[in-house]
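The report below looks at how ligands are held in one protein chain and at a few residues that deserve a careful look. Please read it with the sequence and the coordinates at hand.

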Amino acid sequence: MKELIILGSTGSIGTQALEVARRDGYKVNALAAGSNIKLLEEQAREFKPSLVAVFDENAARELANNLKDTDIKVLSGVEGVCEAATVKGDIVLNAIVGIAGLKPTLAAIEASKDIALANKETLVTGGELVMKAASQKGVKILPVDSEHSAIFQSIQGAPENSIKKILLTASGGPFYKKTREELENVTVKEALNHPNWSMGAKITIDSASLMNKGLEVIEAVHLFGVKAKDIEVLVHRQSIVHSGVELSDGAVIAQLGTPDMRLPIQYALTYPERSNYAFEKLNLFDIGTLTFEKPDIKTFRCLALCIEAINRGGLAPTAVNGANEEAVKLFLDGKIKFLQIADLVEKALEECNNKKEFTIDDIFDADKKARELVRSAI
Ligand code: NAD
Ligand code: MG
């Protein structure tokens, strides 16, 4: 039985990963989160890891005090989270949200651990560095994002270089078919009302703006070694076909299922084996119809901006990601309108001081500049 490390354990993916761990009896050796120490303490008492890391220092101090009666070590800051990524264990499930997941991913690779990766911002910002380090260390990057898991499942057994096209499906989110005029005054509550998936706030807003699909195009470029032009985004309202591939002989292979993240989480943990236990099974008679449409990239510009960013390469995806993270925060706080998210992302892309060759410090520098630009533009 593999031993796990779960980063971002208090979030939507993190709690579902612990549900899988609980059901299948995985040992969990470390947990990490941003600040929600009440839930983290419950998780720590249940799973008895040797180490728990909390990004927020005050929260970490409080948790250390609350866990005094145990021998669980509590660390803080990005260093603490990175250390959690390197304790004894076979696989690190990274479910942190945002670029905050990048350094822990690199720390885990450095410690030769396989990664079950939910944190897409890791690949959007540091894709080149991460894939190179993983290949040098011989560690696997196993996708947890449902579309990428579906693609990964679809290419099991396919010869290398046989992928001709990736078919990346998108639900279309809560604002499907809306016009620019209709989007002008949408509220945070409306944007958080996703039709098919229940997820953390940031990714739910990203789904409403189609930024999420843009980030996923970039994620797929790194994971599967394809060009953005070979990725076709299809709006598929039912969220049953999770994504697929077209192979060199024209065969199209896709993975289908109910919209439930526990399957991709579980597959990343059992790979290459399959669990004997299914969550809710798919009944195609109940679904009846599967539909596919082209996305409206003129209205939902974030998708087009992400494709432009990955085509420019270098630090452009980091600038776009950083601007989006900051803009989404401002939108959730009621400080900007929904359509301003795309405007700010575009501004950051245009003003990005791009470089083809870059280091981890350049990434964090470009991220900081994009965030500052967003804050100063409003
Ligand atoms: P969430 O907001 O529910 O949870 C985020 C977790 O990260 C929390 O545990 C939080 O405490 C932790 N965190 C935040 N900042 C941190 C920091 N600086 N250091 C350490 N931990 C920190 O988010 P989520 O919906 O679970 O998404 C997590 C990641 O998975 C995102 O990258 C998202 O795009 C991706 N993802 C999520 C889903 C989904 O269904 N929720 C699906 C596909 C991909
Ligand atoms: Mg996804």
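What follows describes the ligand sites first, then selected buried and exposed residues, and finally some backbone features of a model that is predicted.

## The surroundings of ligand 1

The shell around ligand 1 holds 23 residues, of which Thr10, Ser12, Gly34, Glu121 and Gly200 come nearest. Sorted by class, this shell has 12 nonpolar, eight polar and three charged residues.

Three backbone groups lie within polar contact distance of oxygen atoms of the ligand, and the table sets them side by side.

| Residue | Backbone atom | Partner in ligand 1 | Distance |
|---|---|---|---|
| Gly11 | polar backbone atom | oxygen atom | 3.1 Å |
| Ser12 | backbone N or O atom | oxygen atom | 2.9 Å |
| Ala118 | backbone N or O atom | oxygen atom | 3.3 Å |

Taken on its own, ligand 1 has 820 Å² of accessible area, and the protein covers 87% of this area. Two elements, α1 (12–24) and α6 (120–137), give two or more residues to the shell around ligand 1.

## The magnesium site

The magnesium ion, which is ligand 2, is coordinated by Asp145 (OD), Glu147 (OE) and Glu216 (OE), at 2.1 to 2.2 Å. Along the sequence, the donor residues of this magnesium ion follow the spacing D-x1-E-x68-E. Asp145 belongs to the loop between β7 (141–143) and α7 (146–154), whereas Glu216 belongs to helix α11 (residues 211–224), so the pair ties together parts that are 71 residues apart in sequence. Asp145 and Glu216 are both buried.

## Lys213 and His148

Two further residues have contacts that involve donors of the magnesium ion, and they are taken in turn here, beginning with Lys213, whose contacts include Glu147, and continuing with His148, whose contacts include Glu216.

Lys213 is placed in helix α11. Is Lys213 buried or exposed? Its relative accessible area is 5%, and because buried means under 20% relative accessible area, Lys213 counts as buried. A polar atom of the Lys213 side chain lies 2.9 Å from the backbone oxygen of Thr169. When residues up to four places away in sequence are not counted, Lys213 touches Glu147, Leu168, Thr169, Ala170, Val233 and Leu303.

His148 is placed in helix α7, and with a relative accessibility of 0% this residue counts as buried. Which backbone atom does the side chain of His148 reach at 2.9 Å? The side chain of His148 reaches the backbone oxygen of Glu216 at that distance, and Glu216 is also one of the residues that coordinate the magnesium ion. Apart from residues up to four places away in sequence, His148 touches Pro143, Leu168, Glu216, Glu219, Ala220, Leu223 and Phe224. Leu168 thus appears among the contacts of Lys213 and among those of His148.

## Gln238

Gln238 is found in the loop between β9 (231–235) and β10 (241–247), where this residue is partly exposed, with a relative accessible area of 24%. The side chain of Gln238 makes a polar contact with the side chain of Thr291 at 2.9 Å. With neighbours within four places in sequence left aside, Gln238 is in contact with Asn196, Pro259, Ile287, Thr289, Leu290 and Thr291. Thr169, whose backbone oxygen lies 2.9 Å from a polar side-chain atom of Lys213, is 69 residues from Gln238 in sequence and 10.0 Å from Gln238 in space, C-alpha to C-alpha.

## Backbone features

Most residues other than glycine have a negative phi, and most peptide bonds are trans. Against that background, three places in the predicted model merit inspection.

The peptide bond from Tyr271 to Pro272 is cis, with omega near 0°, and Pro272 is found in the loop between α12 (262–270) and α13 (284–287).

Ser112, although not a glycine, has a positive phi of about 60°. Ser112 is part of the loop between α5 (102–110) and β6 (114–117), and at 45% relative accessibility this serine counts as partly exposed.

Asn161, likewise not a glycine, has a positive phi of about 65°. Asn161 lies in the loop between α7 and β8 (163–170), and its relative accessibility of 70% makes this residue count as exposed.

Notes: Residues numbered from 1 in each chain as written. Chains lettered and ligands numbered in written order. Predicted model: local features only at pLDDT ≥ 70, side-chain atom pairs only at ≥ 80, totals over all residues. Heavy atoms only, no water. Near = heavy atom within 4 Å. Polar contact = N/O pair within 3.5 Å; in protein donor to acceptor, adjacent residues only side chain to side chain. Areas by Shrake-Rupley, 256 points an atom, 1.4 Å probe, with all protein chains shown as cover. Helix = DSSP H or I, 4+ residues; strand = E, 2+ residues; numbered from the N terminus. Nonpolar A, V, L, I, M, F, W, Y, C, P; charged D, E, K, R; others polar. Donors = N, O, S within 2.8 Å, 3.2 Å for Na, K, Ca; no water. Buried < 20%, exposed > 50% of the residue type's maximum accessible area, 1.4 Å probe, protein only. Contact = heavy atoms within 4.5 Å.
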